[in-house]
Amino acid sequence: MLLIQAARAAAQVEYPQTTFQPVTEYGVLLNWLFMNTFWWTMSILVLVVGLTLAIAIRFRERPGDARPKAIHGHTGLELAWTILPALIVIAITIPTVKVVLQTQQKPPADALTIDVIGHQWWWEFRYPEYGVVTANQLWVPTGRPIHLSMHSADVIHSFWIPRFGGKRDVNPVPRSREGERDKRNHLQFTVKDTGSFMGQCAEFCGDSHALMMVSAMAVTPEYFKQWAAKMKPAMAQAVPVDPNATSVVQASNPINLAMPAPTGIGSPVRAEIPDSVWAAEGKKIFLGAQCIACHTIAGTSAAGVLGPSLTNFGLRPTVGAGVASSSLENVERWIHHPRSMKPGALMPGTMKGIDGGAAPTGLSDAQVHAVARYLKSLK
Ligand code: CUA
């Protein structure tokens, strides 16, 4: 028991993706089921090993012993070792089925529905109730039932935030059938503790499967409202997206390779240029480059839907769906050469041949710096 407690204490600090410290009633049920089964099977193990040892010692062969009586075909024993395991299986099945039924009910009417969409290799979250779309960071209020309605835009992924409970496959649903709820998988839970919780795609989905992280921010209902309100004004001005547009890439603006570096940028006085100037230059560059073919930034003309929404990107702690912290250096590196951080990433880099299948952006170092500062300023 002490060992388990020690392991739990250690898990809290060292293993943010532990399943032993659930923060939802769904996670508590699964943990209970696991512990229940674990301790029952442990006691059976101790009993069987103990009996085996005791019998081996007590009835070991001694000099002069007669041959023991053969018990092959003993009806009583045959019945015992058929019925006992069957009872054990039943004892495990009953609570399992109970938990399955408990966690697979229809979500309550007041549940907050969030559409979860898996992409190679990032997560999209849509909040129809708030008209908010974000990526890689799932914001949820505590105390309110959450209903995740999940599908994939490409291959099968599996959504898993261990401290929220079990994983669930995210299956491809063609865009034309996105509205059909029965084609989706569902998860529901109520988060009881605030905090930041790590998760991970749990189904092999290609090159960067292991780098398909997700984090959840569980906040108080008041804070959640503030967050949604912060996201919403920006969303409200967003240019509407044609959901039937199939190839946004082709429709994108051709990149202007001759784009001059912003005045003063790249000179030794770089550090003295105020943030707002960098951000304004970065915005101009971003909206003039093919970034907008794949990314949306609410409130601007960037309305691409192939890549993650970058609305309020400055609030996100990581870049590239969790591959690195969203420090300015990492964001620059990401824009310059995404595949150096995430093999297989579909986003093009700045130079020919280093990234993606799409044409390189051709941005200079100064332009990359400006775009990174612009993205960091979005909050
Ligand atoms: Cu997505 Cu593995």
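Q: How should one read burial in this structure: is W139 buried or exposed?
A: The model is a predicted one. A residue counts as buried when its relative accessible area is under 20%. W139 has a relative accessibility of 7%, so W139 counts as buried.

Q: Where does S208 lie, and what is in contact with S208?
A: S208 belongs to the loop that joins β9 (195-200) to β10 (213-219). Its relative accessible area is 1%, and therefore S208 is buried. When neighbours within four places in sequence are set aside, the contacts of S208 are W121, K342 and P343.

Q: How many salt bridges does the structure hold?
A: The criterion is a side-chain nitrogen of Lys or Arg within 4 Å of a carboxyl oxygen of Asp or Glu. The structure has 4 salt bridges. One of them joins the side chains of R126 and E124, with an N to O distance of 2.9 Å. In that pair R126 is partly exposed at 27% relative accessible area, whereas E124 is buried at 8%.

Q: Which parts of the chain does the salt bridge of R144 and E129 tie together?
A: The side chains of R144 and E129 meet at 2.8 Å, N to O. R144 is in the loop between β4 (137-141) and β5 (145-152), and E129 is in the loop between β2 (122-127) and β3 (132-135), so the salt bridge ties together parts 15 residues apart in sequence. R144 is partly exposed, with a relative accessible area of 22%, and E129 also counts as partly exposed, at 44%.

Q: How should one read a salt bridge inside a helix, such as that of E281 with K284?
A: The general idea rests on helix geometry. An α-helix has 3.6 residues a turn, so residues three or four places apart point the same way. E281 and K284 are 3 residues apart in helix α6 (residues 275-288), which means that about one helical turn separates them. Their closest N and O atoms are 3.7 Å apart. E281 counts as buried at 17% relative accessibility, while K284 counts as exposed at 56%.

Q: What span should helix α3 have, and which of its residues are buried?
A: At 1.5 Å a residue, the 29 residues of α3 (residues 75-103) should span 42 Å, and the 42 Å between its end C-alpha atoms agrees with this. The buried residues of α3 are P95, V99 and T103. These buried residues pack against α2 (25-58) and β8 (185-190).

Q: How many aromatic pairs are there, and how is stacking recognised?
A: Two paired rings count as stacked when their planes are under 30 degrees apart. The whole structure contains 14 aromatic pairs. Among them is the stacked pair of F34 and F38, 5.9 Å centre to centre with 25° between the planes. F34 and F38 are 4 residues apart in helix α2, and therefore about one helical turn apart. F34 is partly exposed at 40% relative accessible area, and F38 counts as partly exposed at 27%. W139 and Y223 are also stacked, at 6.2 Å centre to centre and 5° between the planes. This pair links distant parts of the chain: W139 is in strand β4 and Y223 in helix α4 (residues 221-236), 84 residues apart. Y223 is partly exposed, with a relative accessible area of 45%. Ring pairs join W139 and Y223 with Y127, Y130, F224 and W227 in a cluster.

Q: Which rings have a charged end sitting over them?
A: The charged end of R58 sits over the ring of F59, 4.8 Å from the ring centre. The charged end of K167 sits over the ring of W160, at 4.2 Å from its centre.

Definitions and conventions
Residues numbered from 1 in each chain as written. Predicted model: local features only at pLDDT ≥ 70, side-chain atom pairs only at ≥ 80, totals over all residues. Heavy atoms only, no water. Helix = DSSP H or I, 4+ residues; strand = E, 2+ residues; numbered from the N terminus. Buried < 20%, exposed > 50% of the residue type's maximum accessible area, 1.4 Å probe, protein only. Contact = heavy atoms within 4.5 Å. Expected span 1.5 Å × (residues − 1). Phe/Tyr/Trp six-rings, centres within 6.5 Å; stacked < 30°, edge-to-face > 60°. Lys NZ or Arg CZ within 6 Å of the ring centre and 35° of its normal.
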